[in-house]
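Let's take a walk through this model together, one spot at a time. Have the viewer open and follow along.

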Amino acid sequence: MADIKELSIIGSGPAGYTAAIYAARANLNPILISGLQPGGQLTITTDVENYPGYEDPIQGPWLMEQMQKQAEHVGTKIISSQVKKVELKDKIKKLYLDNGEVIETKTVIISTGAQARWLGLENEEKFQGHGLSACATCDGFFFKDKIVAVIGGGNSAAEEALFLTKFASKVHLIHRRDKLRAEKILQERLSKNPKIEFVWNSEVTKFIGGTDITSIEVLNKLKDEKTVIDLDGVFIAIGHDPATKLFMGQVDMDDSGYILTKPDTTRTSVEGVYAAGDVKDKIYRQAITAAGMGCMAALEAEKYLD
Ligand code: NAP
């Protein structure tokens, strides 16, 4: 008989590794398929100061390496490959890997995460963690009494801008149109906040600096005029893309492609299939909340297998 796994985890961010640690310690002999960018979004950050358990700031890539080692230490088998096709509907689910392997498994935890959208400008990668961020909750604290900019006009941009006013001396909110998409109540709070300066009809065209960002070039599209804004930090908040293409048509998703789960659980619309972390969460998007959901998914899978 083929070797049918009890539990397979797809994705290697905090959700996936935490699920693996709990599942391994419950003797489920989990496998974890780590994908192309092992470690997920934390591998492109530097200082992490909000993951509990560490007195001093730690490095994102280091934290993910530790989670991987911990998962392996307790018995997870990690496969460095990518899943290219899945069949989830039947009791025994099939995962087709790009190394040619086909995995048969009774349960699956989807923890493939989401990716922040970036502007696609030159130097964008170079400045990530050096003044450029896609997460104010993670990095805002580092900009006490500094000048920052937030790019975007949706709820995320509005919330990030308001959050940043707690630390920064000034927050430029740069939007490509003259109207925000964010909810009215957030718009009102932004207008009332003296630290917010709106930059309408404008797009960032250049990031400028040495090791760290020191200014940005901004194009006002109506006036066709370029200006330079001196600042210390830039927060991109133009949306996220959940990595769910692989699962389309197999588990229920919302209009933006986030996997839907039953209230207060990680259960998807398919029995034996669970979703944890940013792949199902567009509100919190934190390493610690993803890890918490990974734990829930492993416990729920264990119960189902029982
Ligand atoms: P979003 O609603 O899709 O907004 C993205 C914003 O970025 C838009 O204003 C868009 O401009 C702008 N944008 C997109 N591509 C751009 C580019 N290349 N250059 C410059 N600007 C660009 O994304 P989101 O704010 O991340 O929110 C995603 C979802 O999560 C929404 O459904 C939102 O309501 C929800 N959310 C809810 C909460 C909450 O309930 N507290 C918090 C955060 C997010 P245009 O307006 O011109 O298209």
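How far is an oxygen atom of the ligand from an N or O atom in the side chain of Ser-156? The separation is 2.7 Å. Keep in mind as we go that this is a predicted model.

Stay with the ligand for a moment, and look at Glu-159. One of the polar atoms in the side chain of Glu-159 sits 2.7 Å from a nitrogen atom of the ligand. The backbone joins in as well: a polar backbone atom of Gly-154 is 3.2 Å from an oxygen atom of the ligand. As for how covered the ligand is, on its own it has 910 Å² of accessible area, and the protein covers 74% of that.

Now zoom out to the whole shell. There are 16 residues around the ligand, and the ones that come nearest are Ser-156, Glu-159, Arg-176, Arg-177 and Arg-181. Sorted by class, the shell holds 7 polar, 5 charged and 4 nonpolar residues.

Ser-156 and Glu-159 also give us a way into the helices, since helix H5 spans residues 155–164. Its partner here is helix H6, residues 184–192; the two axes come within 10 Å and cross at roughly 35°. That crossing is left-handed. On the H5 side, the contact uses Asn-155, Ala-158, Glu-159, Ala-161 and Leu-162, while H6 brings Leu-186, Arg-189 and Leu-190. So Glu-159 turns up twice on our tour, once beside the ligand and once in the meeting of H5 with H6. The residues of this contact split into 5 nonpolar, 2 charged and 1 polar.

For our last stop, find helix H1 (residues 14–25) and helix H7 (residues 287–305). Their axes come within 7 Å and cross at roughly 35°, and the crossing is right-handed. From H1, the contact takes in Pro-14, Ala-15, Thr-18, Ala-19, Tyr-22 and Ala-23. H7 answers with Ala-287, Ala-290, Ala-291, Gly-294, Cys-295, Ala-298 and Leu-299. What does that add up to by class? The contact of H1 with H7 has 11 nonpolar and 2 polar residues, and no charged ones.

Note on methods:
Residues are numbered from 1 along each chain as its sequence is written. This is a predicted model: local features need pLDDT of at least 70, side-chain atom pairs count only at pLDDT 80 or more; totals for chains, interfaces and linings use all residues. Side-chain values use heavy atoms; hydrogens and water are left out. Axes are lines fitted to C-alpha atoms, for helices over the stretch in contact, and angles run from 0 to 180 degrees between N-to-C directions. Helices (H or I, at least four residues) and strands (E, at least two) are DSSP runs, numbered from the N terminus. A crossing is left-handed if the near helix is turned anticlockwise from the far one by less than a right angle, and right-handed if clockwise. Contact means heavy atoms within 4.5 Å. Ala, Val, Leu, Ile, Met, Phe, Trp, Tyr, Cys and Pro count as nonpolar, Asp, Glu, Lys and Arg as charged, and the others, Gly among them, as polar. A residue is near a molecule or strand if one of its heavy atoms lies within 4 Å of it. A polar contact is a pair of N or O atoms within 3.5 Å; within protein, one must be able to donate a hydrogen and the other to accept it, and residues adjacent in sequence count only if both atoms are side-chain atoms. Accessible areas come from the Shrake-Rupley method with a 1.4 Å probe; for residues, only the protein chains shown count as cover.
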